[in-house]
Every structure is written in structure tokens, then in C-alpha cells.
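Open the model in your viewer and keep the sequence beside it. Each stop below says what to select and what is there.

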Amino acid sequence: MQPYFYSVSEFIAMGKHGVFVWSCWAITIGVMLAFIIYSRKQRQSLIKQLTIQQARQAQRTTKTSTPVTKQAK
């Protein structure tokens with residue numbers, strides 16, 4: 001059994017197709033990392049918005065749960 005590439009430089013060059021192969025790898029990894037970063041930022045933003053919304057809802061329920069009534073004399 002013989003190795004296809006005899007050195008690291010031959011592996012990187014890939015028979016003069018290395019530029020295309022490695023650029024495709026770089027683009028793919030870059031897009032995946034960008035998607036992960038975007039998703040995390042969106043998640044943090046959503047959590048922040050939901051926290052604010054829950055706080056507002058809690059304020060509304062505490063204001064309406066203790067009604068002030070006037071007693072007739």
C-alpha cells in the first residue's frame with residue numbers, strides 16, 4: 001500500500017487543486033462559524049426581550065391583582 005501524498009506540501013497542493021479545495025473548506029467553516037455566532041446573538045437578544053416582557057407582565061399582574069375598592073357608608 002502506497003501513500004497518495006509523500007509530504008505535507010504535496011498534501012496541501014493536492015496536485016495543483018489545493019487552492020480550490022482549501023478555499024472551499026475555508027468558506028464552509030467561515031459560514032458555519034458566522035451562523036453559530038449569529039444564532040447565539042439572536043438567542044441572547046430573545047432571552048433579553050423575554051425577560052423584559054416577563055417583568056412588564058409581572059408589574060401588570062401585581063397592579064391588577066390588588067384592586068382598590070371603596071366601601072359604602
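The tour runs from the whole chain to helices, loop, rings and surface patch.

**Whole chain**

Start with everything shown. Keep in mind that this is a predicted model. Colour by secondary structure: the protein chain has two helices and zero strands. Now colour by accessibility. How many of the 73 residues count as buried? The share is 1%. Switch on the surface next. About 7600 Å² of the protein chain is exposed, and 65% of that comes from carbon and sulfur atoms.

**The two helices**

Select residues 8-13 for α1, then 18-65 for α2. Stay on α1 for a moment. V8 lies in this helix. With 61% relative accessibility, V8 is exposed, because the cut-off for that class is over 50%. I12 also belongs to α1. Its relative accessible area is 47%, so I12 counts as partly exposed.

**From I12 across to W22**

Keep I12 selected and add W22. These residues are 10 apart along the chain, and their C-alpha atoms are 8.1 Å apart. Which residues does I12 touch once neighbours within four places in sequence are set aside? They are G18 and W22. Show the side chains of I12 and W22 to view this contact.

**The loop between α1 and α2**

Move to the loop and pick M14, which sits between α1 and α2. Check its backbone: phi is positive, at about 50°, although M14 is not a glycine. Then pick K16, in the loop between α1 and α2. K16 has a positive phi of about 70°, and it is not a glycine either. Is K16 buried or exposed? Its relative accessibility is 78%, so K16 counts as exposed.

**The aromatic cluster**

Select Y4, F5, F11 and W22 and show their rings. Ring pairs join these residues into a cluster. How many aromatic pairs does a search of the whole structure find? It finds three.

Begin with Y4 and F5. Their ring centres are 4.8 Å apart and their planes stand at 90°, so this pair is edge-to-face. Next, take F5 with F11. This aromatic pair is edge-to-face, with 5.5 Å from centre to centre and 80° between the planes.

Now compare cover on these rings. Y4 is exposed, with a relative accessibility of 73%. F5 is partly exposed, at 26%. F11 is partly exposed, at 36%.

**The nonpolar patch**

For the last stop, return to the surface. Select V8, F11, I12, W22, W25, I29, L33, F35, I36 and I37. Together they make a nonpolar surface patch of about 1000 Å². Which elements give two or more residues to the patch? They are α1 and α2. Of the elements, α2 gives the most, with seven residues.

Several earlier stops come back here. V8 and I12, seen on α1, are both in the patch. F11 and W22 belong to the ring cluster, and both are patch members too. F5 is in the ring cluster, but why is it missing from the patch? Patch residues need over 30% relative accessible area, and F5 has 26%, so F5 falls short of that cut-off.

To finish, keep the patch selected and add G18, W22's fellow contact of I12. This view puts the contacts of I12 beside the patch.

Methods: Residues are numbered from 1 along each chain as its sequence is written. Side-chain values use heavy atoms; hydrogens and water are left out. Patches are made of residues with over 30% relative accessible area and no salt bridge: like charges are joined within 9 Å, nonpolar side chains (Val, Leu, Ile, Met, Phe, Trp, Tyr) within 5 Å. Accessible areas come from the Shrake-Rupley method with a 1.4 Å probe; for residues, only the protein chains shown count as cover. A salt bridge is a side-chain nitrogen of Lys or Arg within 4 Å of a carboxyl oxygen of Asp or Glu. Helices (H or I, at least four residues) and strands (E, at least two) are DSSP runs, numbered from the N terminus. Buried means under 20% relative accessible area, exposed over 50%, partly exposed in between (1.4 Å probe, protein chains only). Rings of Phe, Tyr and Trp (its six-membered ring) pair if their centres lie within 6.5 Å; planes under 30 degrees apart count as stacked, over 60 as edge-to-face and the rest as tilted. Contact means heavy atoms within 4.5 Å.
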